[in-house]
Amino acid sequence: MANPNSLPLYEKYWYKHNYKRVLDSFILILLLLLLGYRIISINNYSFHWFVALICELWFTLSWVFTISTQWNPALIKTYPHLLLQSVQELPPVDLFVTTADDELEPPIITMNTVLSLLALDYPSHKLACYVSDDGCSPLIFYALQESSKFAKHWVPFCKKYKIQVRAPFRYFCDDECTTNNEEFNHEWLRMKRMYENLSHKIEVDPKSIPSLLEGEFDVFSNTQRTNHPTIIKVIWENKEMVEDGLPHLIYISREKRPKQPHHFKAGAMNVLTRVSGLITNAPFMLNVDCDMFVNNPNIVQHAMCILLDSKGEKEVAFAQCPQQFYATLKDDPFGNQMTILLKYLGAGLAGLQGIFYGGTNCFHRRKVIYGLSPDDVENGRIYSPNDINVTKAVEEATQVACYGYEYGTGWGKQVGWIYGSITEDVLTGLTIHKKGWRSELCTPDPVAFRGCAPIGGPTSMAQHKRWATGMLEIFFSKHCPIFGTIFGKLSFRQFLAYMWIMNWGFNPVALVCYSCLLPYCIITNSNFLPKDWGICIPIALIVTYMVYTLVEYLISGMTIRAWWNNQRMSLITPMNAGFCGFITILLKLLGISNTIFDITKKDIPSSSDEVQDKDASRHTFDKSLVFLPGTTILLLQLTSIFIKLFGFQPQGLSENYECGVAEMLCSVYWIMSYWPFLRGLFERGKYGIPFSTIRKGAAMTCLFVFLCRSTISS
């Protein structure tokens with residue numbers, strides 16, 4: 001029998017999707033043929049022909065980024081049963097939960113995430129849970145206190161009966177307990193009643209709690225969301241270091257002052273890192289968003305298999321678990337469940353230098369966050385103190401949570417979460433990869449964490465706008481992946497992968513320009529699509545791509561409607577949220593305005609795995625400018641079709657330049673894709689596009705038509 005210490009704790013398997021490689025290559029060939037056709041068609045050169053060439057050149061480059069990223073998919077298999085045979089003692093892990101607004105992020109959601117972490121199947125004296133409240137809310141503190149009382153009953157219940165889902169609101173989805181074990185049934189009913197009481201206590205108006213600002217709550221008196229001192233409170237301390245007890249639970253609200261930069265979530269994560277370093281100083285840290293509960297109670301063991309493996313310990317900086325969702329809407333009407341993205345591109349990244357850091361569900365190596373490179377790994381060991389006294393360390397920890405502590409230090413530059421982008425997660429992961437570290441995708445069965453995908457138009461668009469803005473901030477900074485490849489240790493394929501995600505900010509510009517070519521050519525009675533044999537190229541390209549993506553969805557067990565929803569959202573989301581993100585960065589580069597971190601609204605989820613409410617799948621709108629590009633594009637397509645049908649076009653210069661059927665069909669397809677916007681033109685309330693947005697879109701449409709006709713007359 002082999003020495004167990006020599007056995008790997010995890011293995012990586014590379015595999016191939018041969019049919020995907022063939023279709024990927026065929027689509028790339030068609031794109032190159034289309035570019036070649038445009039270049040050799042010298043006689044057709046015009047302004048709109050040149051714009052089409054530039055857009056198609058970018059689409060081709062984008063496809064190169066995509067196929068390079070998913071070309072070598074890999075699967076990680078962990079062996080947690082070998083963990084205790086390979087290490088003498090399991091290492092401590094610090095657990096970070098971040099929340100920033102008790103209105104947009106209801107406390108009951110945060111508490112369920114905290115309760116699921118406290119109930120992990122891991123020695124309790126090895127865990128410490130830190131909750132960062134960036135909104136300085138007494139309600140969050142109150143909710144944590146009440147949840148800790150419930151946790152003293154909930155955690156033993158979960159471990160005694162080996163409950164898998166340890167977030168109470170998901171576990172109690174079933175109205176009845178159908179087992180023959182009377183003891184368990186009694187305990188189940190008792191726990192459900194206790195959780196319902198907890199929910200009633202938390203889901204109240206803070207003003208209705210008279211003692212909320214008295215006693216130990218008096219530290220919240222005279223505090224404002226962006227103007228308050230550091231507040232660190234020990235909710236629960238496992239003083240006896242009991243293995244089956246309750247982990248440490250600590251509340252943190254870092255100091256904030258007006259007009260002082262606080263660097264959004266990155267600043268909060270750095271405070272958590274420093275505070276935990278003074279109190280428990282675990283060599284590994286798990287960070288989760290407030291709405292991502294533990295779905296696999298053994299996830300820490302799976303992650304430790306990657307991080308403690310003899311090879312992984314020298315090369316792997318972090319283990320990222322994918323974001324997967326519960327309470328999903330049928331057929332993914334908003335295209336934000338990212339099922340195909342996670343399946344193919346996530347696995348593709350795992351086959352390269354490693355998956356991106358996703359901002360949540362990630363196990364970090366503390367010494368890597370402190371700035372160590374793989375070359376320094378032997379000289380950078382960090383140990384957790386043996387005699388932890390949480391209460392005594394709080395006073396010292398308060399000092400490192402002050403807003404002025406970072407002045408003159410490397411925090412946010414070389415150490416910790418990196419500042420400079422509102423997508424601090426991707427930037428931090430990129431900085432780690434540039435040093436030569438790898439990362440691994442951790443995908444145990446069942447899935448490690450589950451969260452709730454944003455629903456509704458405004459929430460989804462705000463999130464995608466933030467992502468696009470943040471990606472462009474990274475590209476136009478010293479952290480650009482190009483520099484990481486030239487001057488750092490970022491592999492070339494990993495550079496292409498980062499360019500794929502940076503393209504979330506650039507691709508919308510090409511899409512908007514391409515979509516504007518359709519009404520321009522229809523209005524001016526010209527064409528930008530080939531009219532001779534060359535038309536076979538875009539037809540073959542579109543048909544191949546549609547069939548290719550449809551097969552991906554069907555193989556994954558999804559419906560044709562889900563495929564269509566994702567196809568149209570692949571146009572709607574970039575051309576609205578992504579384009580607004582590009583404009584935001586443009587204004588920032590010109591020094592006109594700065595970027596703002598918009599918190600994604602967390603909705604209290606449904607009790608079922610699939611939401612059946614039809615209204616929940618309807619697109620909603622608000623007065624945000626994020627819906628203006630889409631409204632304008634839709635009005636442009638409708639106006640151009642009207643002009644074509646009623647013969648208001650000018651006479652073409654020749655047969656070869658007249659607007660053809662291809663432009664009309666593409667315009668109709670665009671209108672079909674924008675069906676939610678078309679419906680929104682005639683709806684009222686939150687399901688209708690605000691009249692102010694329609695008015696602005698109509699004005700821009702009139703201006704576009706005027707400029708098109710002026711080009712004819714000139």
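Let me start with His 433, which, leaving aside its neighbours within four places in sequence, is in contact with Phe 318, Gln 353, Gly 354, Ile 355, Arg 438, Ser 439, Lys 489, Leu 490, Gln 494 and Tyr 498. Please keep in mind that this is a predicted model. His 433 lies in helix H14, which covers residues 424-434, and the residue counts as buried because its relative accessibility is 0%, where buried means under 20%.

From there I would like to turn to the aromatic residues, since the structure holds 46 aromatic pairs. One of them is formed by Tyr 37 and Trp 533, an edge-to-face arrangement with 5.2 Å centre to centre and 90° between the planes. This pair links distant parts of the chain, as Tyr 37 belongs to helix H1 (residues 18-40), whereas Trp 533 sits in the loop between helix H17 (492-524) and helix H18 (536-555), 496 residues apart. Are these two partners buried or exposed? Tyr 37 counts as buried, because its relative accessibility is 4%, while Trp 533, at 56% relative accessibility, counts as exposed.

Another edge-to-face pair is made by Phe 475 and Phe 476, with 5.3 Å centre to centre and 90° between the planes. Of this pair I can add that Phe 476 is partly exposed, its relative accessible area being 41%.

Beyond the pairs, which residues form one aromatic cluster? The members are Phe 150, Trp 154, Phe 157, Tyr 161, Tyr 171, Phe 172, Phe 184, Trp 188 and Tyr 195.

Aromatic rings also appear here beneath charged groups, and I will mention two cases. The charged end of Lys 20 sits over the ring of Tyr 344, at 4.4 Å from the ring centre. In the other case, the charged end of Arg 274 sits over the ring of Trp 411, and here the distance from the ring centre is 4.9 Å.

Finally, let me come to Pro 574, whose place is in helix H19, a helix that covers residues 560-589. Leaving aside neighbours within four places in sequence, what is Pro 574 in contact with? The contacts of Pro 574 are Pro 508, Leu 511, Met 569 and Phe 579. If you look for Gly 630 in the structure, you will find that its C-alpha atom and that of Pro 574 are separated by 9.7 Å, with the two residues 56 apart along the chain.

Definitions and conventions:
Residues numbered from 1 in each chain as written. Predicted model: local features only at pLDDT ≥ 70, side-chain atom pairs only at ≥ 80, totals over all residues. Heavy atoms only, no water. Helix = DSSP H or I, 4+ residues; strand = E, 2+ residues; numbered from the N terminus. Contact = heavy atoms within 4.5 Å. Buried < 20%, exposed > 50% of the residue type's maximum accessible area, 1.4 Å probe, protein only. Phe/Tyr/Trp six-rings, centres within 6.5 Å; stacked < 30°, edge-to-face > 60°. Lys NZ or Arg CZ within 6 Å of the ring centre and 35° of its normal.
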